[in-house]
Amino acid sequence: MSAHRSWQGKVFIATSLDGYIARVDGDIAWLTDPPPNAGHAKPHAGQPVIPGYEEHLASVDHLVMGRGTYEKVLTFGFWPYPQQQVIVLSRTLATDDSRVTVATSTEEALTLLAERGSTAVYVDGGKVIQDWLRRGLIDDIVLTRAPVLLGRGIPLFGPLDTDVHLIHLATTFNDTGMTSSHYRVAVPTGIG
Ligand SMILES: NC(=O)c1ccc[n+]([C@@H]2O[C@H](COP(=O)([O-])OP(=O)(O)OC[C@H]3O[C@@H](n4cnc5c(N)ncnc54)[C@H](OP(=O)(O)O)[C@@H]3O)[C@@H](O)[C@H]2O)c1
(Lines give C-alpha, C1' and ligand atoms only; values in the text may rest on other atoms or scores of the structure.)
Protein backbone atom coordinates (compact mmCIF):
# COMPACT_ATOMS: atom_id res chain seq x y z
CA MET A 1 0.00 0.00 0.00
CA SER A 2 1.26 3.49 -0.81
CA ALA A 3 2.07 5.94 1.96
CA HIS A 4 -0.29 8.36 0.18
CA ARG A 5 -3.46 6.30 0.50
CA SER A 6 -5.21 4.42 3.25
CA TRP A 7 -6.50 1.55 1.17
CA GLN A 8 -5.17 -1.53 -0.54
CA GLY A 9 -5.99 -1.99 -4.23
CA LYS A 10 -6.99 -5.60 -4.88
CA VAL A 11 -7.56 -7.40 -8.15
CA PHE A 12 -9.43 -10.70 -8.11
CA ILE A 13 -10.12 -11.85 -11.63
CA ALA A 14 -10.41 -14.88 -13.88
CA THR A 15 -8.95 -15.26 -17.32
CA SER A 16 -8.74 -17.90 -19.99
CA LEU A 17 -5.41 -19.68 -20.09
CA ASP A 18 -4.40 -17.31 -22.90
CA GLY A 19 -5.11 -14.26 -20.77
CA TYR A 20 -8.56 -12.95 -21.78
CA ILE A 21 -11.20 -11.74 -19.31
CA ALA A 22 -13.99 -11.88 -21.89
CA ARG A 23 -14.56 -12.51 -25.56
CA VAL A 24 -14.32 -9.54 -27.89
CA ASP A 25 -18.10 -8.99 -27.53
CA GLY A 26 -17.91 -9.13 -23.72
CA ASP A 27 -19.22 -12.68 -23.42
CA ILE A 28 -18.03 -14.58 -20.30
CA ALA A 29 -20.19 -17.70 -20.66
CA TRP A 30 -16.99 -19.70 -21.25
CA LEU A 31 -16.31 -18.94 -17.57
CA THR A 32 -19.76 -18.86 -15.96
CA ASP A 33 -21.50 -21.54 -17.98
CA PRO A 34 -18.90 -23.74 -19.64
CA PRO A 35 -19.98 -26.55 -21.97
CA PRO A 36 -20.29 -30.05 -20.51
CA ASN A 37 -17.00 -31.18 -22.04
CA ALA A 38 -15.03 -28.32 -20.43
CA GLY A 39 -12.55 -29.24 -17.74
CA HIS A 40 -14.04 -26.78 -15.27
CA ALA A 41 -17.70 -27.64 -15.97
CA LYS A 42 -18.56 -30.81 -14.09
CA PRO A 43 -18.15 -30.02 -10.41
CA HIS A 44 -20.11 -26.82 -10.25
CA ALA A 45 -22.89 -27.00 -12.82
CA GLY A 46 -23.41 -23.43 -13.98
CA GLN A 47 -21.77 -21.65 -11.05
CA PRO A 48 -18.18 -20.50 -11.42
CA VAL A 49 -16.42 -21.75 -8.35
CA ILE A 50 -13.42 -19.51 -8.09
CA PRO A 51 -11.42 -20.44 -5.02
CA GLY A 52 -11.32 -17.69 -2.40
CA TYR A 53 -13.89 -15.36 -3.95
CA GLU A 54 -16.15 -15.10 -0.90
CA GLU A 55 -13.20 -14.32 1.36
CA HIS A 56 -11.92 -11.76 -1.11
CA LEU A 57 -15.29 -9.99 -1.33
CA ALA A 58 -15.63 -9.93 2.44
CA SER A 59 -12.20 -8.28 2.68
CA VAL A 60 -13.11 -5.13 0.69
CA ASP A 61 -15.29 -2.13 1.54
CA HIS A 62 -15.37 -0.65 -1.98
CA LEU A 63 -15.38 -1.74 -5.59
CA VAL A 64 -14.13 0.45 -8.40
CA MET A 65 -15.15 -0.95 -11.77
CA GLY A 66 -15.31 0.21 -15.36
CA ARG A 67 -18.59 0.83 -17.15
CA GLY A 68 -18.03 -2.33 -19.23
CA THR A 69 -17.94 -4.49 -16.13
CA TYR A 70 -20.87 -2.65 -14.51
CA GLU A 71 -23.02 -3.26 -17.59
CA LYS A 72 -22.14 -6.97 -17.47
CA VAL A 73 -23.00 -7.16 -13.75
CA LEU A 74 -26.44 -5.67 -14.52
CA THR A 75 -27.17 -8.74 -16.69
CA PHE A 76 -26.61 -11.17 -13.79
CA GLY A 77 -30.11 -10.67 -12.40
CA PHE A 78 -28.87 -10.11 -8.86
CA TRP A 79 -26.61 -7.54 -7.22
CA PRO A 80 -23.45 -9.32 -6.06
CA TYR A 81 -22.09 -6.57 -3.78
CA PRO A 82 -24.65 -5.96 -1.01
CA GLN A 83 -22.03 -5.08 1.61
CA GLN A 84 -19.73 -2.89 -0.50
CA GLN A 85 -19.88 0.63 -1.88
CA VAL A 86 -19.49 0.59 -5.65
CA ILE A 87 -17.89 3.30 -7.76
CA VAL A 88 -18.31 3.00 -11.54
CA LEU A 89 -15.76 4.79 -13.69
CA SER A 90 -17.34 6.28 -16.81
CA ARG A 91 -17.33 9.44 -18.84
CA THR A 92 -20.59 8.51 -20.58
CA LEU A 93 -22.83 6.68 -18.09
CA ALA A 94 -26.04 8.39 -16.98
CA THR A 95 -27.81 6.33 -14.32
CA ASP A 96 -30.10 6.72 -11.33
CA ASP A 97 -28.92 3.40 -9.90
CA SER A 98 -28.64 4.19 -6.18
CA ARG A 99 -26.31 1.21 -5.63
CA VAL A 100 -23.46 2.95 -7.41
CA THR A 101 -21.64 6.26 -7.57
CA VAL A 102 -20.35 7.28 -10.99
CA ALA A 103 -16.88 8.84 -11.12
CA THR A 104 -15.79 10.45 -14.38
CA SER A 105 -12.06 10.15 -13.69
CA THR A 106 -9.61 8.17 -11.60
CA GLU A 107 -8.90 11.34 -9.61
CA GLU A 108 -12.59 11.64 -8.73
CA ALA A 109 -12.66 7.99 -7.62
CA LEU A 110 -9.55 8.50 -5.49
CA THR A 111 -11.15 11.52 -3.81
CA LEU A 112 -14.27 9.47 -3.00
CA LEU A 113 -12.20 6.63 -1.55
CA ALA A 114 -10.23 9.03 0.62
CA GLU A 115 -13.37 10.88 1.81
CA ARG A 116 -15.04 7.59 2.71
CA GLY A 117 -11.99 6.24 4.54
CA SER A 118 -11.74 3.11 2.45
CA THR A 119 -9.28 0.44 3.56
CA ALA A 120 -9.59 -2.09 0.76
CA VAL A 121 -10.78 -1.69 -2.83
CA TYR A 122 -11.70 -4.41 -5.31
CA VAL A 123 -10.60 -3.01 -8.68
CA ASP A 124 -12.41 -4.63 -11.61
CA GLY A 125 -12.56 -4.35 -15.39
CA GLY A 126 -9.77 -4.80 -17.90
CA LYS A 127 -9.24 -1.16 -18.83
CA VAL A 128 -9.45 0.01 -15.22
CA ILE A 129 -7.03 -2.65 -13.97
CA GLN A 130 -4.53 -1.77 -16.69
CA ASP A 131 -4.79 1.94 -15.87
CA TRP A 132 -4.57 1.43 -12.10
CA LEU A 133 -1.58 -0.89 -12.47
CA ARG A 134 0.21 1.83 -14.47
CA ARG A 135 -0.63 4.33 -11.74
CA GLY A 136 0.72 2.11 -8.94
CA LEU A 137 -2.73 1.71 -7.37
CA ILE A 138 -2.76 -2.10 -7.26
CA ASP A 139 -1.19 -3.94 -4.32
CA ASP A 140 -2.59 -7.43 -4.55
CA ILE A 141 -3.61 -9.71 -7.44
CA VAL A 142 -5.38 -13.04 -7.35
CA LEU A 143 -5.42 -14.36 -10.89
CA THR A 144 -7.50 -17.43 -11.60
CA ARG A 145 -7.03 -19.18 -14.91
CA ALA A 146 -9.76 -21.30 -16.45
CA PRO A 147 -8.61 -24.25 -18.55
CA VAL A 148 -9.71 -22.88 -21.90
CA LEU A 149 -8.01 -21.12 -24.81
CA LEU A 150 -10.12 -18.43 -26.50
CA GLY A 151 -7.68 -17.21 -29.13
CA ARG A 152 -9.10 -13.68 -29.07
CA GLY A 153 -10.78 -11.48 -26.50
CA ILE A 154 -10.42 -8.60 -24.08
CA PRO A 155 -6.96 -8.90 -22.52
CA LEU A 156 -6.39 -8.51 -18.80
CA PHE A 157 -2.97 -6.94 -19.11
CA GLY A 158 -1.65 -4.32 -21.51
CA PRO A 159 1.13 -1.80 -22.08
CA LEU A 160 3.07 -0.51 -19.08
CA ASP A 161 5.45 2.41 -18.66
CA THR A 162 7.74 0.30 -16.52
CA ASP A 163 7.91 -3.30 -15.38
CA VAL A 164 5.66 -4.30 -12.50
CA HIS A 165 7.35 -6.85 -10.30
CA LEU A 166 5.23 -9.33 -8.38
CA ILE A 167 5.89 -11.50 -5.38
CA HIS A 168 4.26 -14.90 -5.68
CA LEU A 169 2.52 -15.86 -2.45
CA ALA A 170 0.65 -19.03 -3.37
CA THR A 171 -0.86 -21.03 -6.18
CA THR A 172 -3.82 -23.30 -5.56
CA PHE A 173 -5.96 -25.45 -7.77
CA ASN A 174 -9.09 -27.47 -7.38
CA ASP A 175 -10.88 -30.23 -9.20
CA THR A 176 -12.49 -27.75 -11.58
CA GLY A 177 -9.12 -27.36 -13.29
CA MET A 178 -8.95 -23.68 -12.28
CA THR A 179 -5.62 -22.50 -10.93
CA SER A 180 -5.43 -19.42 -8.70
CA SER A 181 -2.20 -17.54 -8.15
CA HIS A 182 -1.90 -14.91 -5.47
CA TYR A 183 0.67 -12.15 -5.97
CA ARG A 184 1.68 -9.07 -4.05
CA VAL A 185 2.86 -6.17 -6.18
CA ALA A 186 6.43 -5.39 -5.20
CA VAL A 187 7.19 -1.87 -4.04
CA PRO A 188 8.86 -0.12 -7.02
CA THR A 189 12.61 0.28 -6.60
CA GLY A 190 13.07 2.74 -9.44
CA ILE A 191 14.65 0.01 -11.58
CA GLY A 192 12.37 -0.69 -14.56
N1 LIG B 1 -13.22 -12.67 -16.28
C2 LIG B 1 -13.49 -11.89 -15.26
O3 LIG B 1 -13.24 -12.25 -14.08
C4 LIG B 1 -14.03 -10.51 -15.52
C5 LIG B 1 -14.02 -9.55 -14.51
C6 LIG B 1 -14.47 -8.27 -14.80
C7 LIG B 1 -14.96 -7.97 -16.06
N8 LIG B 1 -14.97 -8.94 -17.01
C9 LIG B 1 -15.47 -8.64 -18.35
O10 LIG B 1 -14.67 -7.64 -18.92
C11 LIG B 1 -15.46 -6.84 -19.81
C12 LIG B 1 -15.26 -5.38 -19.46
O13 LIG B 1 -13.87 -5.06 -19.43
P14 LIG B 1 -13.31 -3.84 -20.27
O15 LIG B 1 -11.84 -3.85 -20.18
O16 LIG B 1 -13.91 -3.88 -21.62
O17 LIG B 1 -14.00 -2.60 -19.58
P18 LIG B 1 -14.00 -1.94 -18.10
O19 LIG B 1 -12.63 -1.64 -17.61
O20 LIG B 1 -14.93 -2.68 -17.23
O21 LIG B 1 -14.75 -0.59 -18.51
C22 LIG B 1 -14.15 0.29 -19.44
C23 LIG B 1 -14.90 1.59 -19.39
O24 LIG B 1 -14.79 2.16 -18.08
C25 LIG B 1 -14.68 3.57 -18.18
N26 LIG B 1 -13.37 3.97 -17.67
C27 LIG B 1 -12.25 3.22 -17.54
N28 LIG B 1 -11.26 3.95 -17.01
C29 LIG B 1 -11.77 5.18 -16.78
C30 LIG B 1 -11.24 6.38 -16.23
N31 LIG B 1 -9.97 6.46 -15.79
N32 LIG B 1 -12.04 7.46 -16.15
C33 LIG B 1 -13.34 7.42 -16.58
N34 LIG B 1 -13.88 6.29 -17.13
C35 LIG B 1 -13.10 5.21 -17.21
C36 LIG B 1 -14.88 3.91 -19.65
O37 LIG B 1 -16.26 4.05 -19.79
P38 LIG B 1 -16.93 5.16 -20.76
O39 LIG B 1 -16.68 4.64 -22.15
O40 LIG B 1 -18.37 5.16 -20.37
O41 LIG B 1 -16.24 6.46 -20.49
C42 LIG B 1 -14.38 2.66 -20.35
O43 LIG B 1 -14.91 2.49 -21.64
C44 LIG B 1 -16.90 -7.27 -19.62
O45 LIG B 1 -17.25 -8.14 -20.68
C46 LIG B 1 -16.87 -8.05 -18.33
O47 LIG B 1 -17.81 -9.09 -18.28
C48 LIG B 1 -14.53 -10.19 -16.77
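**Sheet, ligand shell and the setting of Trp-30**

An open sheet of 8 strands, with mixed pairing, follows the order S5-S4-S3-S6-S1-S7-S10-S9. Its edges are strand S5 (100-103) and strand S9 (166-173), each of which pairs on one side only. From one strand to the next, the twist averages 20°. The model is predicted.

Within the sheet, strand S1 (residues 8-16) and strand S6 (residues 120-124) run parallel and are joined by 3 bridges. Lys-10 has Tyr-122 of S6 as its bridge partner. Helix H4 (residues 106-115) lies across S5 and S6, and also across strand S3 (62-66) and strand S4 (85-89). Relative to S5, helix H4 runs at about 135°.

The ligand is surrounded by 28 residues. The closest are Gly-26, Gly-66, Gly-68, Gly-125 and Gly-126. Two strands of the sheet, S1 and S3, each supply at least two residues of this shell. The same holds for strand S2 (20-22), helix H3 (67-73) and helix H5 (126-134). By class, the shell divides into 11 nonpolar, 11 polar and 6 charged residues.

Trp-30 sits in helix H1 (residues 29-32). Its surroundings contain 19 other C-beta atoms within 10 Å, so Trp-30 is partly exposed; a buried residue would have 20 or more. Leaving aside residues up to four places away in sequence, Trp-30 touches Ser-16, Val-148 and Leu-150. Ser-16 belongs to the span of S1. Between Trp-30 and Ser-16, the separation is 14 residues in sequence and 8.5 Å in space, C-alpha to C-alpha.

Key:
Residues numbered from 1 in each chain as written. Predicted model: local features only at pLDDT ≥ 70, side-chain atom pairs only at ≥ 80, totals over all residues. Pairing = 2+ DSSP bridges. Helix = DSSP H or I, 4+ residues; strand = E, 2+ residues; numbered from the N terminus. Axes fitted to C-alpha atoms, helices over the stretch in contact; angles between N-to-C directions. Contact = placed C-beta atoms within 7 Å. Near = placed C-beta within 6 Å. Nonpolar A, V, L, I, M, F, W, Y, C, P; charged D, E, K, R; others polar. Buried ≥ 20, exposed ≤ 12 C-beta atoms within 10 Å, placed from the backbone.
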